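This report describes a structure to a reader who has not met it before. The sequence and the model come first, followed by the text.

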Amino acid sequence: MSLVDLPEAPSTRGALGRLARSELRLVFGRRRNIVLLIGLALVPLVLGLVLFLTQDSALGGQGPGFIGNVTGNGLFLVVAALFICLPFLLPLTIGIASGDSVAGEASAGTLRYLLVVPVSRTRLLGVKALGALLFAGAAVLSIAVVGLVAGAVFFGLRDITLLSGTTVPLLDGVVRVAGIVAYVGLSMTGLVAVGLFFSTLTEVPVGAMAATVVVAIVSGVLDQLPALHVIAPALLTHHWLGFAEFLRLEPDWGVLGQGLTLQAAWVAIFGALAWSRFTTADVSS
Amino acid sequence: MTEPLPVPASSTGGAGTGDLAIRTERLTKQFRSGQVAVDGIDLHVPRGAVYGFLGPNGSGKTTTIRMLLGLVRPTSGHAELLGGRMPEAGLDVLPRVGALVEGPAFHPYLTGRANLARLDASDATANPRTSRRRSDEALERVGLSAAASKPYRQYSLGMKQRLGLAAALLRPRELLVLDEPTNGLDPQGTREVRHLVRELADGGSTVLVSSHLLAEIEQVCSHIGIMGRGRLLLQGDRGELTARGAARVLVQTSSDHVAAVAEVLAALGMAEVSVEGTTVTALLDDTPPEKVSAAIVHAGVDLLGLEVRRPNLEQIFVELTGEGFDVAR
């Protein structure tokens, strides 16, 4: 009786949704990943606390970038925390999740069992990309949400003074900060694609993770070298700080558009590389 | 030394090409390192067979299985699984195939049941409504129900192996490809696997079961294929294969008559006559055993016992390869 199980074949879309949900449960249910998100969330919390405790001392109101503005307006805590996490902590978190995506399954041996289930390789890669992208989004959001709450508690939210000195209403400020969060999130997509590609190259997840983080760091370093200004606009991290446009009275949409186009190009190139590698590689792990 | 040749395809249980669950043609895999792991093998597994895929570690069994399942692309030749050419037909064919490949592998931090749910969720053709029931049935079948809610990392080697089998049994399968299913199991577990294999075959499934321990699975197999150094040295119906081996006759006699018996056997034209204690052995060849006993009695020699011994598969294997079965390259 139980041997007959045939009249089913649910719709392909339902099946894809089922696989995607399973992947997201795997990514977001994994303790290591939860710890990473908590670690990122601690950044605005600790930053906010330190600034709160020192705001009346001689050092109050000082610091690089947007940090000096935080005590005046909690909304800036979101921006300052993202600014601090951008060079290293965010790439690290994203490198770990995306570098692990395929290589982790390969090293555990679970990749071969997924493929003989069977899952189409293209579909599996797509679902892995989705998981890594959403995790990157969650990483940015965990900084932003905790930053907003901590900023509101420590310093209060009020009308925001832009870089040009103009003050705009709180609601306008919130929209601008939301734009920053979205831009930073989208700025991570290229790195996710790079990590996914590295992840298809190896059975050693740590290798793919490290390589991904190195790409982000090296890109940041090369971007600083005047001698390389010709290639700078193509570097993965070149427009990462472009989010500051949202803090101008009239954001330069051209700069933001370039940033997003650059990310789209990296996603297209490394997504295609990952696909061509993964759909043809021998799985011998 | 006469060298038994691999049995041609036509003798694999009389099965025509259409009745084969697995068919490969000159299937070859050469790794980038230059090593030829699988060297032009023609594997023929008839539908309904329990095919014992045997060979020492490193003889190319797992690479062959990986090619059959579409995980590894052949360098040349091709493989067909349930009539579909691999790896292209994988998405059509593999839902009907359950597989255990080179040991079980699951997410260590998920429970046994959650791991099965993960695999079932990946199966686009599986019914999500029956997922839980099918998982539980599969766990029950391999005796793992009690440990279903434990994380995989707490499983013993035997339990891991059982979970691997449960994954292969999540759905009814036309074909099961079980690579070393008895690895890590104790003798009781090994017996259970044999029982399971027999049960699956009785249910109409074809089973390809690989092992480097010939004795463990020899008895459940209807067909045998023996790999050595990347080549398929021998394959065919198990009964036919063992019958083809050179039989020896063993004659027990009293110590005084050993020489006399040896003379009688030599007179019958038998080769390789040798004496060991009070037992005289010789290659039987085509001589009927009753003729041997009659000749001994006729010569007036003590005949205390007479036995015809056919070589088992292990001996055939050693004869074929000149090496022990458990010897890796």
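Helix H5 (residues 157-168) of chain B lies across E7 and strand E8 (175-179) of chain B, at about 165 degrees to E7(B). Lying across rests on contact, meaning C-beta atoms, placed from the backbone, within 7 Å. Angles run from 0 to 180 degrees between N-to-C directions, and axes are lines fitted to C-alpha atoms, for helices over the stretch in contact. Helices (H or I, at least four residues) and strands (E, at least two) are DSSP runs numbered from the N terminus.

The model is predicted: local features need pLDDT of at least 70 and side-chain atom pairs count only at pLDDT 80 or more, while totals for chains, interfaces and linings use all residues. Residues are numbered from 1 along each chain as its sequence is written, and chains are lettered from A and ligands numbered from 1 in the order in which they are written.

A second helix of chain B, H6 (residues 187-202), lies across E4, E8 and E9, running at about 155 degrees to E9(B).

These strands belong to an open sheet of six strands in chain B, in the order E7-E8-E9-E4-E10-E11 and with mixed pairing. Its edge strands, E7 (97-100) and E11 (231-237) of chain B, each pair on one side only; two strands pair if DSSP finds at least two bridges between them. From one strand to the next, the twist averages 10 degrees. Strand E4 (residues 50-54) and strand E9 (residues 206-211) of chain B run parallel and are joined by five bridges. One partner in E9(B) is B:Ser210, bridged to B:Phe53.

| Helix of chain B | Strand | Angle |
|---|---|---|
| H5 (157-168) | E7(B) | about 165 degrees |
| H6 (187-202) | E9(B) | about 155 degrees |

Chain B is assigned domain 1 (9-243) and domain 2 (248-309), with bounds from an automatic or database domain assignment. The centres of these two domains, taken over C-alpha atoms, are 45 Å apart.

Between the chains, 30 residues of chain A are in contact with 30 residues of chain B. On the chain A side, H1 (12-29) and H6 (110-115) each supply at least two residues, and H1(A) gives the most, with six.

Within chain A, helix H2 (residues 31-54) and helix H7 (residues 121-155) pack at about 25 degrees, with axes 9 Å apart. H2(A) and H7(A) are therefore roughly parallel, a term for angles under 35 degrees. Residues making this contact include A:Leu37 and A:Phe52 of H2(A) and A:Ile143 and A:Phe154 of H7(A).

Technical notes: Angles under 35 degrees count as roughly parallel, over 145 as roughly antiparallel, 65 to 115 as roughly perpendicular and the rest as oblique. Two residues are in contact if their C-beta atoms, placed from the backbone, lie within 7 Å.
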